[in-house]
Structure formats: C-alpha cells, structure tokens
Amino acid sequence: MRHPAPKGPLLIVGAASHGEVVLDLLRSLPEPPEIRGFIDCGTEGRFVGRKVGGVCVLDGIESISSYAGKVAGVIPAVGDCAEREAIAARVRAAGIPMLAAVHPTSHLCSGVEIGAGSVVLAGALLGVGARIGIAVIVNSGAIIEHHSVIGDFAHIAPGCRLAGGVRAGERVWIGIGATVLQNVCIGPDAQIGAGAVVIRDVEAGVTAVGVPARPIDERDRVHPEIDIV
Ligand SMILES: CC(C)(COP(=O)(O)OP(=O)(O)OC[C@H]1O[C@@H](n2cnc3c(N)ncnc32)[C@H](O)[C@@H]1OP(=O)(O)O)[C@@H](O)C(=O)NCCC(=O)NCCS
C-alpha cells in the first residue's frame, strides 16, 4: 500500500537534527515536493538565516501565521513529543494544514491509517490495520504490528518492535530498540527506555526500563538485597 505523497510548497517546522531527517525523507520521494524552507522552533538552538541541507531557515515559529495561504502545508519536525504537540497547535491556529510523509523504503500493509503531520522513516513496517495518530514519528526500521494504535504526538524510536494490538497513548516515547508484547497498553506521556522489553501495561507518565521493563522508581523493590541501608 502507498500513502499519498505530500505536495509542496511546504515548510519543515524544526531546523535541528530531526528536521534534517525529514528533509532527507522528502528528497527521497519519487516526486520530491518543493520545500519552501525551514521554520525554527528555538528550543534546540537558533537557526534563522542559516541553511540546513542547503535549504534556508526562513523564520521563527512565532511567524508561522504569515505563511497561511502561501504554502500547501507543514511537517512538524522536532523529536520531543510535547514540543511537537505545541507546534501542531500553533500550525492549526494559523490555519495551515499538516502533511504526513512516508519513506519509500517503508512498508504499509492494508488498512493502515496515518494522521496528519506524521512521518514514517526508512525501513519501517506498519502491519495490517495499524493506526498512527497526529504528528507521530515512526522512526527508522521500527515495526508496528497489526492493529496497534499509536496516539497523537508519540515517538517510536529506531528499531522498536511493537507486537500486534499494542496501544500507546498520546506523547508516548518508546526508546530505541525496545520491544512491546502483544496487546500491551502504554499510558499517555509514558517513556520506555532503550532496549526495554515491555511485557505488561505501563501507566500514564511512568518511565519504565529494562528486561522485563519496570518503572524506574520500583526497581529497588525487585532487588531488595542491593538496597543500601
Ligand atoms: C529511559 C530514559 C528515558 C531515562 O532517562 P532519564 O530519566 O534521564 O534517566 P537516567 O539516565 O537518570 O537513569 C535513571 C536510572 O535508569 C537507568 N536507565 C536509564 N535508561 C535505561 C535503559 N534504557 N535501560 C536500563 N536502565 C536504564 C539508569 O542506569 C539509572 O539507573 P540508576 O538509578 O540505578 O543509576 C533514557 O535512559 C532512555 O533509554 N532513552 C531512550 C533514548 C533513545 O531511544 N533515543 C532515540 C531517539 S531517536
């Protein structure tokens, strides 16, 4: 299955490293869209007036509304989930559409849905009926299996493997190489550490690490013999 490619002219909102990744994705499309420029978000450094990958950083995010009606849409391109949500709110308020982009080397099975402003990077696989929310990052080589549901503004880092029926809430961040077993629910704002294996549900806002994954604050209860008294 193919996802419709974004049509330009468009803006990439975020001019730091993830912005450059999104630029590379857009340039890899069979018909690369015209990229009008980057918009700087400020939190990862100041880039206005510079070039990133040969493309100008035109303005700061505070000027986004001046592009309404002048571009076909924007792609939010910062790695931080809460910041991507804030960018989406500003873009929406400015009346500018958000566009999704899918790398040509990724594979989408039938029935996959991808929300506005989301990106699916190189080599990712989305299984049958997987649903990806708004402004989500499905990073390089991630596997999101059948019927999983990924909430708005989540970030699934490179090489993650989510089995079938996983549910990840809004702004969930799953670290590089983590594995999540089938039908597990991860609450909004939870973070999963790199390399973790998540075998049971994770509550909202909790950071869970390790194999099997446990909330960071609870690890001492698992190994009381190493408590310092
Ligand atoms: C889980 C994570 C978010 C925690 O970050 P943090 O809140 O800053 O936590 P700290 O680094 O202070 O570590 C707290 C404790 O958790 C442990 N820990 C942190 N990450 C861990 C991981 N992935 N696996 C196992 N233990 C981990 C630390 O060793 C430390 O243990 P201690 O209390 O016994 O010393 C982070 O370590 C992580 O794994 N991030 C994923 C990064 C990633 O995937 N980046 C890809 C971006 S595309």
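In the predicted model, R46 occupies the loop that connects strand 2 (35–40) with strand 3 (51–52). This residue counts as partly exposed, because 13 C-beta neighbours fall inside 10 Å, a number between the limits of 12 or fewer for exposed residues and 20 or more for buried ones. R46 and A16 are 30 residues apart along the chain, and their C-alpha atoms are separated by 9.0 Å.

The confidence of the prediction varies along the protein chain. The average pLDDT is 93, and 93% of the residues score at least 70. Strand 19 (residues 179–180) has the highest confidence, at 99, whereas helix 3 (residues 219–222) has the lowest, at a mean of 55. Over residues 222–229 the pLDDT stays under 50, and for this stretch the model has two contacts beyond four places in sequence.

The protein chain is divided into two parts, domain 1 (10–99) and domain 2 (100–229). Their C-alpha centres lie 24 Å apart. Contacts between the domains involve 18 residues of domain 1 and 16 residues of domain 2. On the side of domain 1 that touches domain 2, the elements giving two or more residues are helix 1, strand 5 (73–76) and helix 2 (81–93). Helix 2 supplies the largest share of this side, with five residues. By residue class, the side of domain 1 that touches domain 2 comprises 14 nonpolar, two polar and two charged residues.

The nonpolar interior was examined next. In soluble globular proteins, nonpolar side chains tend to be buried together. The largest nonpolar core of the model has 71 residues, of which V13, V22, I75, V138, I156, I174 and I192 touch the most other members. Helix 1 (residues 17–27) contributes the largest share of this core, namely five residues. Because domain 1 (10–99) and domain 2 (100–229) both give residues to the core, it lies between them. The surroundings of I192 were listed without its neighbours within four places in sequence; on this basis I192 is in contact with I174, G175, A178, I186, V198, V202, A208 and A213. I192 and its contact partner I174 are both among the core residues that touch the most other members.

Several backbone features were also identified. Most residues other than glycine have a negative phi, and most peptide bonds are trans. Two residues depart from the former pattern, A135 with a positive phi of about 50° and R171 with a phi near 60°. A135 is located in the loop between strand 11 (131–132) and strand 12 (137–138). R171 is located in the loop between strand 17 (167–168) and strand 18 (173–174). A135 is classed as buried because 28 other C-beta atoms lie within 10 Å, and R171 is likewise buried, with 24 other C-beta atoms within 10 Å.

Cis peptide bonds occur before two prolines, P9 and P212. The bond from G8 to P9 has an omega near 0°, and P9 is placed in the segment before strand 1 (10–13). The bond from V211 to P212 has an omega near -10°, and P212 is found in the loop between strand 23 (207–209) and strand 24 (214–215).

Key: Residues numbered from 1 in each chain as written. Predicted model: local features only at pLDDT ≥ 70, side-chain atom pairs only at ≥ 80, totals over all residues. Core = buried A, V, L, I, M, F, W, Y, C linked by C-beta atoms within 7 Å. Helix = DSSP H or I, 4+ residues; strand = E, 2+ residues; numbered from the N terminus. Domains from an automatic or database assignment. Contact = placed C-beta atoms within 7 Å. pLDDT = per-residue confidence, 0-100. Nonpolar A, V, L, I, M, F, W, Y, C, P; charged D, E, K, R; others polar.
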